[in-house]
Amino acid sequence: MNNNFEIKNIQIRRFYTGKLCEDMENVRHEKICNELSIVQAIEGSYDISIGSSSTFSTGEGGVFIAPSNVLQTIVHHNGKDGKMRAHWIFIDAIINDQFGLDELFSFPIVLNSSYNEKVFSALETIKNTKDCFERIRAEYELLEILVKEGNKKKKSDTLKTMIETYVCNHYFENIGASEIARNINYSPAQVYKLVKKYFALSPANYINSVRLQKAEQMLVSSDRNVTEISLAVGYDDCAYFSKLFKKSYGYSPQNYRKVALSNFQFY
């Protein structure tokens, strides 16, 4: 970390936790999340790549960290009892009232194994305690680990931010590389290369990933039906939307909602 940078405060704006205990051998997910993810394999392991990175294995008990708004490709592996057990937290934290945590820092994809027990204890406390002070202490213990292990990024890339902002503001419209290009004054061919560079996806797939992120949020935070959500995120064809969602999240939208509401805790 750059020693010249002073962290005056860190505020957690939103987070939610989840858990898994299922037969997941070789199940593959590709997705982009709105929040930074801290995911631990309690029994079994993950193979994980971020963007166009190499693939890493967490090993049993290992933890991976995935930044927000970047493609993560995950393959699950069961433990000895034929099931995978895992838990995680998706967390939106802001530094000095201005910067997102992963706007300022890059993190190792797989966390040093010396932190495995601390992460396990913190996540179990966050999930299970009824004492808000204990929960808050555990949340900030995780943030402290991230900052210690993170590397300060260079100045944010303006073009990447412009692309993210445009897509996040227009994902529900009929947009593609041409519309992004007009917004940032680049050619569609240049936009294609930029999106591949920043997000390891084609423009069409990047836009789809943002739409699916928004749909996932609506599934767990609203009572809209699947057709309404499909239309709200830009898909006129509900069957096509459901197919894409299942490919990315491993469940149909209806089943994802059931699983999420039984396994996730929102704060």
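Two strands are taken to pair if DSSP finds at least two bridges between them, and strand β4 (residues 45-50) and β5 pair in the antiparallel sense over two bridges. Within this pairing, the bridge partner of D47 is S57, which lies in β5. The model discussed here is predicted, and the remarks that follow concern its sheet and its salt bridges.

**The open sheet**

The pairing of β4 with β5 belongs to an open sheet of four strands, whose order is β2-β7-β4-β5 and whose pairing is antiparallel. The edges of this sheet are held by β2 and by β5 (56-57), each of which has a single partner strand, so one side of each is left without a neighbour in the sheet. In general, the strands of a sheet pair through backbone hydrogen bonds, and they may do so in either the parallel or the antiparallel sense.

**Salt bridges**

Side chains of opposite charge can pair when their charged atoms come close. The structure holds nine salt bridges, among them the three set out below.

| Pair | N to O distance | Accessibility of the acidic residue | Accessibility of the basic residue |
|---|---|---|---|
| E35 and R14 | 2.5 Å | E35, 7% | R14, 27% |
| E43 and R85 | 3.2 Å | E43, 24% | R85, 31% |
| E124 and K127 | 2.8 Å | E124, 22% | K127, 13% |

The side chains of E35 and R14 meet in a salt bridge; E35 lies in the loop between β2 (28-31) and β3 (36-43), while R14 lies in strand β1 (residues 10-22), so the pair ties together parts that are 21 residues apart in sequence. E35 is buried, at a relative accessible area of 7%, because the cut-off for a buried residue is under 20%, whereas R14, at 27%, counts as partly exposed.

A salt bridge also joins the side chains of E43 and R85, and here E43 belongs to strand β3 and R85 to strand β8 (residues 84-95), so that the pair ties together parts that are 42 residues apart in sequence. E43 is partly exposed, with a relative accessible area of 24%, and R85 likewise counts as partly exposed, at 31%.

How many residues apart are E124 and K127 in helix α2? They are three residues apart, about one turn of the helix, and both lie in α2 (residues 116-128); their side chains meet in a salt bridge. In this pair the acidic residue, E124, is partly exposed, whereas K127 is buried.

How values were computed: Residues numbered from 1 in each chain as written. Predicted model: local features only at pLDDT ≥ 70, side-chain atom pairs only at ≥ 80, totals over all residues. Heavy atoms only, no water. Salt bridge = Lys/Arg side-chain N within 4 Å of Asp/Glu carboxyl O. Buried < 20%, exposed > 50% of the residue type's maximum accessible area, 1.4 Å probe, protein only.
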